[in-house]
Amino acid sequence: MPSDGNEIEVLCPKCKVPMNFYSRTERSTKSGSVETKIVRYYRCPVCGRVIVDEELTIRIGPDGASIVNKHNGLSKSAIIVVKPVSRVG
Ligand SMILES: [Zn+2]
């Protein structure tokens with residue numbers, strides 16, 4: 001999270017409106033291993049377009065644990081606006 005006085009706004013590439021941020025956790029079990037997937041994504045309130053910012057998959061099985069992190073979607077497919085936060089008071 002930015003704390004240096006800048007605010008990041010993600011705009012829908014189609015509608016140019018601010019997108020809402022969501023975080024979702026999915027758990028699934030397959031062939032003896034437990035998989036937890038955490039998806040952080042933005043959704044446009046107008047057209048419903050979804051842009052995945054980060055995807056983290058944690059798999060714990062008989063052989064051990066593995067973590068896969070995918071992170072890049074936002075910079076490729078969204079309009080990111082960084083604007084200074086004006087101090088009030
Ligand atoms: Zn849109």
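# Exercises on a four-stranded sheet

An open sheet of four strands, paired antiparallel, has the order β2-β3-β4-β5. Strands here are DSSP runs of E of at least two residues, helices are runs of H or I of at least four, and both are numbered from the N terminus. Two strands pair if DSSP finds at least two bridges between them.

This is a predicted model: local features need pLDDT of at least 70, side-chain atom pairs count only at pLDDT 80 or more, and totals for chains, interfaces and linings use all residues. Residues are numbered from 1 along each chain as its sequence is written.

**Exercise 1. Find the edge strands of the sheet.**

Step 1. Look for strands that pair on one side only.
Step 2. These are β2 (20-30) and β5 (64-71).

**Exercise 2. Trace the pairing from β2 through β3 to β4.**

Step 1. Start with β2 and β3: they run antiparallel and are joined by 11 bridges.
Step 2. Go on to β3 (residues 33-43) and β4 (residues 50-61): 10 bridges join this antiparallel pair.
Step 3. Pick out residues. Arginine 27 stands opposite threonine 36 in β3. Threonine 36 in turn has isoleucine 58 of β4 as its bridge partner. Lysine 37 has threonine 57 as its partner in β4.
Step 4. Recall the background: strands of a sheet pair through backbone hydrogen bonds, either parallel or antiparallel.

**Exercise 3. Locate a residue with positive phi in each of two hairpins.**

Step 1. Take the hairpin of β2 and β3, with two residues between the strands: serine 31 has a positive phi near 40°.
Step 2. Take the hairpin of β3 and β4, with six residues between the strands: glycine 48 has a positive phi near 80°.

**Exercise 4. Decide: is threonine 29 buried or exposed?**

Step 1. Place the residue: threonine 29 is in strand β2.
Step 2. Apply the cut-offs: with C-beta atoms placed from the backbone, a residue is buried if 20 or more others lie within 10 Å of its own, exposed if 12 or fewer, and partly exposed in between.
Step 3. Threonine 29 has 8 other C-beta atoms within 10 Å, so this residue is exposed.
Step 4. Widen the view: of the 89 residues of the chain, 6% count as buried.

**Exercise 5. Describe the chain as a whole, and say why it is more spread out than a compact globule.**

Step 1. Count the elements: one helix and six strands.
Step 2. From the N terminus on, they run β-β-β-β-β-α-β.
Step 3. The radius of gyration, taken over C-alpha atoms, is compared with the globule rule, 2.2 Å times the number of residues to the power 0.38.
Step 4. The chain has 17 Å, well over the 12 Å that the rule gives for 89 residues, so it is more spread out than a compact globule.
Step 5. Add the extent: the C-alpha trace spans about 55 × 30 × 20 Å along its principal axes.
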